[in-house]
Structure formats: C-alpha cells, structure tokens
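Open the model in your viewer and show side chains as sticks. The stops below deal with salt bridges.

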Amino acid sequence: MDATIGKVFDSVSTFFAGVASGSSDEFPLCDTDIISGCEKELAEAQKGQDEGFKKESIMRLSWALVYSKMPADIQRGITMLEGSVVSDTSPMTLREKLYLLAIGYYRSGDFSRSRGYVERCLEVEPEWRQAQTLKTAIEDRIVKDGVIGVGIAVTAVGIVAGIAAALVRRG
C-alpha cells in the first residue's frame, strides 16, 4: 500500500514539475552576449545627444531582457518597459512595449498580468496577429493551470480520504 502511494506521489510530482517549469514556451530566447551588446549600445547612446537613438537602444535592450533565459533579466526588462510605457505617445511604440510587457509577464509566470497587457496591446492594434497568438497562449496556460489546481485539490482530498479510511479499518 505504501509503495503504491509512493508511486502516485512520484508520478504526480513529475507531472506537475514538467508543467510548472515554464521553460517550454514557444518564444525565442536571447543569450547573454546579445544582452551585453545591447547594454553597450545603450551606454554609448546615453553619451550622445540623439534622443531617438537612446529610445531605440532602450527598446532593443528591453526586448533582449524579456526574451532572456534568466528570470532576473526578464524582471529587469519588465521594469524598464513599465517605466517607459507611461510616457509613450506613439501608438506603434506603445503597442510594442505593451506586447513586450505581456511577453515578460508570460515568461515569468504571471499570466493574469500578461493577459491584461496583451488586451491593452490589442486595443491599440486589434488585428495584430502576434498579440492575438500570445493572447491564445496565455488563455491556454490559464486554463491548464486551473485544471492542474483542481487536480491537486482532488488528489489531496483523495489522499486524506484514503488515510481516513485506513484509520477507520484499523480502529
């Protein structure tokens, strides 16, 4: 009996570990060399007077960070984007920043915030296919996580009921 319960726990743990890892998203990943290059470009841009080049450099670095393999980089990208999205008046740039924020939150596992940003992005550009695809991926993930939550609850209730039944039989 204990061996069977152990196998159930192992298989449930393996299943949930694979789903919760978040590493299997279908988005491109950016390595540290690209991020370093973008950081150097931004440092150079900040020395100059060209505001347009500075904004482009910030945008490239933000993109690289949210597509990074490292959670700390993703968070840095989100922080940079959130700081600059408020002041943006260009619909095209706003659309890009909202989309990158949605990607960043998706990759960091905050699917409800990601959905909020992608919906704002679609308000700016309703027909943008990339944003529509991301919205579908977010909604699928939210549903999947909900099903997993229900599965965990049902498993916990089943285990408690099994233990209670075993104790009743002994007593």
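Start by selecting Lys54 and Glu51: their side chains form a salt bridge, with N and O 3.1 Å apart. This is a predicted model. Both residues belong to helix H3 (residues 51-66), where three residues, about one turn of the helix, separate them. Now colour the pair by accessibility. Lys54 has a relative accessible area of 17% and is buried, because the cut-off for buried is under 20%. Its partner Glu51, at 46%, is partly exposed.

Next, select Glu39 and Arg76. Here a salt bridge brings the closest N and O atoms to 2.6 Å. Glu39 sits in helix H2 (residues 32-47) and Arg76 in helix H4 (residues 71-85), so this salt bridge ties together parts that lie 37 residues apart in sequence. Glu39 is partly exposed, with 32% relative accessibility. Arg76 is also partly exposed, at 36%.

Keep Arg76 selected and add Asp73. These two side chains meet in a salt bridge as well, at 3.8 Å from N to O. Both lie in helix H4, three residues apart, or about one turn of the helix. Asp73 is buried, with a relative accessibility of 14%. Which residues do the shared partners join into one network? Show Glu39, Asp73 and Arg76 together: their salt bridges link them into one network.

To finish, display the salt bridges across the whole model. How many are there? The count is seven, and the pairs visited here are among them: Lys54 with Glu51, Glu39 with Arg76, and Arg76 with Asp73.

Notes. Residues are numbered from 1 along each chain as its sequence is written. This is a predicted model: local features need pLDDT of at least 70, side-chain atom pairs count only at pLDDT 80 or more; totals for chains, interfaces and linings use all residues. Side-chain values use heavy atoms; hydrogens and water are left out. A salt bridge is a side-chain nitrogen of Lys or Arg within 4 Å of a carboxyl oxygen of Asp or Glu. Helices (H or I, at least four residues) and strands (E, at least two) are DSSP runs, numbered from the N terminus. Buried means under 20% relative accessible area, exposed over 50%, partly exposed in between (1.4 Å probe, protein chains only).
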